[in-house]
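This report describes the overall form of a protein and then turns to some of its helices and side chains. The sequence and the structure are shown first.

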Amino acid sequence: MAALGEFGLIAELSGWLPPDPRTLVGIGDDAAVLAAPDGRVVASTDFLLEGRHFRRDWSGAADIGRKAAARSLIDVAAMGAVPTGLLVALAAPGDLPVSWARDLARGIAAECARAGASVVGGDTARASSVLLATTGLGDLAGRAPVLRSGAAPGDLVAVAGPLGHAAAGLALLSAGLTDGPLIAAHQRPAPPYDAGPEAAALGATAMIDISDGLLADLGHIAAASGVLIDVSSARLGPGDDLIAAARSAILDLTQRGSTSEHSGALAWVLTGGEDHALAATFPRGASLPPRWTVIGEVRSAPGNRYRVLVDGQEWAGATGWDHFA
């Protein structure tokens, strides 16, 4: 990869995106300078580690790039902000093919373009495996940020974007399958970036990106807001595609407390992460566009037990991905 030089990859990546008037000083100096007309900048960082977050034999470089960009940019949108910029740092083996690095950059650029952001800088280094770190930046456009701590009893809980698709795709890959829309959903999620600012404009009281699992991430809202959240499994019923995937993946569903394919697919919806859908709470009576599906409600938490229930009951088993479990 040495042929690209210290900043060659980042510079090429930036060159594939149209000029952005918000970038006053771009790649080539020690740091970028961005216009911040709102006076505030929303920032979030994330990374992908080879062998933990992706496998090169399962995902192409462009898909890995898209996923890396998506992880940070959707966090910005989850605050109610419009994604504007992305910083990229890549550590990789010295024998990484230049063609792979270029495809990675093309994937990052493509996802930035989909979100309306631009690449404004980054760095490269040698490492024994691929590590890709991204920092997303965003503009609140005069709005207050939507925090995790604003949910109140009586609010409705709604989601925008698919649930369980990425988890199903990962299970299918693990079962030896290599193609299909659910596998594509795992390889290159397509977050609904514009739904974040939309939710803020609709009066969302709390919001979060679903990266570790619906129940786990709603649990962050419950804890931050000091409330109980109850979701309805009937409103989250998995579609035929997820049920068929549960059958194809030959899952050991007894580990999830069930022996049915439907329940296994529902577990993906409730606890599978990396779809990067958005979950938000809204005041009761809010008029929500069709893409926002109401899945539950916020209640007071008796005994200060801030948690998430499914149909009024505790969920048996893990509620999502735990990095240190």
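Which helices do the buried residues of α4 pack against? The buried residues of α4 pack against α5 (181-187), α8 (240-248) and α9 (261-271). The model discussed here is a predicted one.

## Overall architecture

The protein contains nine helices and twelve strands. Along the principal axes, its C-alpha atoms fill a box of roughly 60 × 50 × 35 Å. For a chain of 325 residues, a compact globule would be expected to have a radius of gyration near 20 Å, and the value of 20 Å for the protein agrees with this.

Of the 325 residues, 48% count as buried. Among contacts with a separation of 6 or more, 85% are between residues 24 or more positions apart. The protein exposes about 14000 Å², and 54% of this area is supplied by carbon and sulfur atoms.

## Helix α2

Helix α2 covers residues 61-77, and its 17 residues should span 24 Å at 1.5 Å a residue. The C-alpha atoms at its ends are 24 Å apart, in agreement with that expectation. The helix nevertheless bends by about 25° at alanine 70.

Burial is extensive in this helix: 14 of the 17 residues of α2 are buried, so the helix is largely enclosed by the rest of the structure.

## Helices α4 and α9

Helix α4 (residues 165-174) is mostly covered, with seven of its ten residues buried. These are Ala166, Ala167, Ala168, Gly169, Ala171, Leu172 and Leu173. Just after α4, glycine 176 adopts a positive phi of about 100°.

Helix α9, one of the elements against which the buried residues of α4 pack, has eight of its eleven residues buried and is therefore largely enclosed by the rest of the structure. The buried positions of α9 are Gly264, Ala265, Leu266, Ala267, Trp268, Val269, Leu270 and Thr271. Their cover includes the helices α4, α7 (214-225) and α8, together with the strands β9 (228-231) and β12 (308-310).

## The aromatic pair

How many aromatic pairs does the count come to? The count comes to one aromatic pair. Its members are phenylalanine 282 and tryptophan 292, whose ring centres are 5.3 Å apart and whose planes meet at 75°; the pair is edge-to-face because this angle is over 60 degrees. The pair links distant parts of the chain, with phenylalanine 282 in strand β10 (residues 277-282) and tryptophan 292, ten residues away, in the loop between β10 and β11 (293-299).

Are the two partners buried or exposed? Phenylalanine 282 counts as buried, at 0% relative accessibility. Tryptophan 292 is also buried, with a relative accessible area of 5%.

## Methionine 207

Methionine 207 lies in strand β8 (residues 206-210). With a relative accessible area of 2%, methionine 207 is buried, because burial requires a value under 20%. In sequence, methionine 207 and serine 149 are 58 residues apart, whereas their C-alpha atoms are separated by 8.7 Å in space.

Definitions and conventions:
Residues numbered from 1 in each chain as written. Predicted model: local features only at pLDDT ≥ 70, side-chain atom pairs only at ≥ 80, totals over all residues. Heavy atoms only, no water. Helix = DSSP H or I, 4+ residues; strand = E, 2+ residues; numbered from the N terminus. Expected span 1.5 Å × (residues − 1). Bend = angle between axes of the 7 residues up to and from the residue. Buried < 20%, exposed > 50% of the residue type's maximum accessible area, 1.4 Å probe, protein only. Rg over C-alpha atoms; globule rule 2.2 N^0.38 Å. Contact = heavy atoms within 4.5 Å. Areas by Shrake-Rupley, 256 points an atom, 1.4 Å probe, with all protein chains shown as cover. Phe/Tyr/Trp six-rings, centres within 6.5 Å; stacked < 30°, edge-to-face > 60°.
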